[in-house]
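Please prepare a short briefing on the structure shown below, with attention to its nonpolar cores, a helix pair and some backbone details.

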Amino acid sequence: MNEQVEFEKSEVYIHDKPIEEDINGLLIEPEKVGGRLQIVKNKYSNFIRFLPNGSEASAPDDWTLVMNSSVLSYSKDTTNETCTIENKKNLNKYKYQFDIHELSSVRRIYQGYGIPCIVFMLLDGRLLPEFYFYKGGSKEFLYALKEYLVFKKDVADPRLWSVQPQNGEKFRQSLYELSLFSEQRENVMKKFLNEPVQSTLLGFSKVTNILRDVIKPTESSSKSQFYTQDFNLDKQEQSDEISDLMDSLIDDNIHSTQNDGYEMVTKVDLGPMPDLNRGPALKKEDIVFDHNGKILQPEKIKQIIFRGGVENGSRKFIWKFLLNYFDWDSTDQSRTEKRKMRFDDYYRMKQQWQTITEEQKAKFSLLKERESLIEKDVQRTDRIQEQFKMDDSKHLIEMKDILMTYNMYNFDLGYVQGMSDLLAPIMVIMENEVDSFWCFAGFMNKKELNFEMDQLDIKLQLNNLKILIEFFDSKFSDYLDKNDSSNMYFCFRWILILFKREFSFREINTLWEVIWTDLPCKNFHLLICISILLMKKDDIMSNNYGFNEILKFINDLSGRIDLEKSLKHAEGLYLQLKNYPNVPYNICEIVGLSVDITKELEQIQSRLLSTDFNEENKLTPTSSFHSLKKHDDSAELLDHLN
């Protein structure tokens, strides 16, 4: 993702422990973490980011998923690999990034030694740690923020500035507070204007959740208690008609799929699993060209690859197409010209970092940190493979050169642990440094978001996994919930490096080829995850595994998963979804299935809005909306939904 740093202030610190006084009343120097506070712009929005010094090189872990104080880490050396979840001091947990439009207020104060600090409060009520400007610059930072936001100084507290809604922000704020949509506020209006029917459908699914909690509350549901109080509906006032209505929506054969607070209530009977067969690998003779060298019937080629992969002798050629090194409609001549241009581009970028002097590097800390991290990872990547076994192997030198050059090619992303895992199989197949680089760059274009610092895309994929599990097997989903595993962290490694550690080199080549075809649907790799989990769920449940045991069990599956069986099962899951007439909208979104929005909307409307009870004190969907409107002006949106 291309980013531009609009403003940066170095020597900003977070105090790991508060400033304290000793027995003589003197201030004790606090433990602190230094870094850079930035305002960053990309094509989507503007962000405030705190990046700790040394964060890219400090963690010895292979990779880390940070959620609150929990750190899920995978570590490796040349002989073994460990997987742990623990609470530990890791610089990743001091990284902060949030959308600038999520800012509610800013407070500038002096603490401890008289050092100015800034405190951010977000719209959801979160209070970020105090950021101390040891060398000054807090005012400059606030002035920079004024380029993006309108502030109003608090009358009672002149140190507090509140962010003021501007232009269409008030309406977006009302939609956000109503929480009918799962998107962040800055995307709500664009989503609503571009896809009004789909957005409306998601709104109705949220209303389904509200009605369900109001009419059939549970003692453990704080949300249902909130809505019961909000609607002023006492449990004893429920009518038999309402109970019958909700019983028709909530019975033993129905389970819910959730996404950011809304529910789609669906009956699931997907029918039998299709009996599928895999096919032979793509052979050289399967690839047919016209007189200019253009590949004929590329979609047929992709179908063969999806069904059986590619034979080893054809991989060096066909991978260049799968990874967008060459276009499928390219000719012999255009490919020759492009390859020559790519060689020139590669060596020009390689020279950029090779010609940096030690003096320059000493003043270029980020490049130095990344180079150190790359050198460490290269020495730990696939050393059991013949090409990388010897310490003086030329392939290890090439791997470092490729990763350092990619750092120059995509400096905004740079190098992140795990990338070397994706590069190694490509190097083995390509047997050429430049070809390996451009195929790796194509692979990273597909998976770049996996390596973003905020890990939002990884967490989104884990959330989508949970939604799919809830749909395909609600009993297993409930088990994971009860055993603190609903976050799906145990699948983190699968997603980050696309099963690289789970299969042999030969198998991972086939698996990646299948995924690179983008068949048969979007996010097919998530269905592969689901397939493996469903085939292993009995082992997990029968042994009553908790989170740590599940994590270890999944990690220990490496080298013991049947690839062909998993691919057939995953394709079968897709075909079940494709043939099922009432797939929930959020499932369709995940796998890219088309959905008859009109039909879905009619079903929701008929279920929620067709029944009207006219007797006094009886709740109707319409009266629920009016009750909500009394409490929140943003319910005007519901007028647009009806």
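In which loop does Pro-520 lie? Pro-520 lies in the loop between helix H18 (505–516) and H19, helices being DSSP runs (H or I) of at least four residues and strands runs (E) of at least two, numbered from the N terminus. The model is predicted, so that local features need pLDDT of at least 70 and side-chain atom pairs count only at pLDDT 80 or more, while totals for chains, interfaces and linings use all residues. Residues are numbered from 1 along each chain as its sequence is written, and side-chain values use heavy atoms, with hydrogens and water left out.

**Nonpolar cores**
- The largest nonpolar core (buried Ala, Val, Leu, Ile, Met, Phe, Trp, Tyr and Cys residues joined through side-chain atoms within 4.5 Å; buried means under 20% relative accessible area, exposed over 50%, partly exposed in between, with a 1.4 Å probe and protein chains only) has 114 residues, and Ile-318, Phe-472 and Phe-499 have the most contacts inside it.
- Helix H19 (residues 524–542) supplies the largest share of this core, 10 residues.

**Helix pair**
- The axes of H19 and helix H20 (residues 547–555), lines fitted to C-alpha atoms over the stretch in contact, with angles from 0 to 180 degrees between N-to-C directions, come within 12 Å and cross at roughly 130 degrees.
- Leu-533, Lys-536, Asp-539 and Ile-540 of H19 make the contact with Ile-550, Phe-553 and Ile-554 of H20, contact meaning heavy atoms within 4.5 Å.

**Backbone**
- Leu-519 and Pro-520 are joined by a cis peptide bond, with omega about -5 degrees.
- Gln-297, which is not a glycine, has a positive phi of about 50 degrees, and Gln-297 is exposed at 54% relative accessible area.
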